[in-house]
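Trainee: I should like to request a close look at how the helices pack in this structure. Please take one contact as the starting point and then place it beside the rest of the packing.

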Amino acid sequence: MAPTSPKPGTPVRGSKTGKPIMALFDLLGRSWAMGVIWQLSEAPLTFRQLQEACGGVSPTVLNKRLKELREAALVTHGEGGYHLTPLGQELFDLIRPFGQWSQDWAQAIEADG
């Protein structure tokens, strides 16, 4: 069976080059991919806990996203449920500052509006 997650070196949505950054943006741009990574950054979660933490995402979408994130070596399943791999945690550490930036951005827009 062919992999379903974007892979560096192969064309992805929005790019025919297969550059790693484009594969990453394709993966992270899929529905609930960032939400799953964000929720798993704190502790392992079972499927049901993760579904609840993601606001009731449908089981079909969550299953698909978890499969893609596992193929991308960002998430794994083990003791206690799903959790980030070391590579997934490294990615989250790079993404984490966007959380505070987004709060500042929201306040700036509100102040300008």
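Trainee: Which residues in H5 meet which residues in H6?

Mentor: The model is a predicted one. In it, Asp93, Leu94 and Ile95 of H5 meet Pro97, Phe98 and Gly99 of H6. H5 covers residues 86-95 and H6 covers residues 97-112; their axes come within 5 Å and cross at roughly 25°. Angles under 35 degrees count as roughly parallel, and H5 is therefore roughly parallel to H6. By residue class, the contact of H5 with H6 comprises four nonpolar residues, one polar and one charged.

A second helix pair may be set beside this one. Helix H2 (residues 33-40) packs with helix H4 (residues 59-71) at an angle of about 75°, and their axes are 10 Å apart. That angle makes H2 roughly perpendicular to H4. On the H2 side the contact involves Ala33, Val36 and Ile37, which meet Leu62, Arg65, Leu66 and Leu69 in H4. The residues of this contact divide into six nonpolar, no polar and one charged.

Several of these residues recur in the largest nonpolar core, which has 19 residues: Val36, Ile37, Leu40, Leu50, Leu66, Leu69 and Val75 touch the most other members. At least two residues of this core come from each of helix H1 (20-28), H2, H4, strand E2 (81-84) and H5. Leu40 may be followed in more detail: leaving aside residues up to four places away in sequence, Leu40 touches Leu45, Leu50, Val75, Tyr82, His83 and Leu84.

Methods. Residues numbered from 1 in each chain as written. Predicted model: local features only at pLDDT ≥ 70, side-chain atom pairs only at ≥ 80, totals over all residues. Heavy atoms only, no water. Axes fitted to C-alpha atoms, helices over the stretch in contact; angles between N-to-C directions. Helix = DSSP H or I, 4+ residues; strand = E, 2+ residues; numbered from the N terminus. Parallel < 35°, antiparallel > 145°, perpendicular 65-115°, else oblique. Contact = heavy atoms within 4.5 Å. Nonpolar A, V, L, I, M, F, W, Y, C, P; charged D, E, K, R; others polar. Core = buried A, V, L, I, M, F, W, Y, C linked by side-chain atoms within 4.5 Å. Buried < 20%, exposed > 50% of the residue type's maximum accessible area, 1.4 Å probe, protein only.
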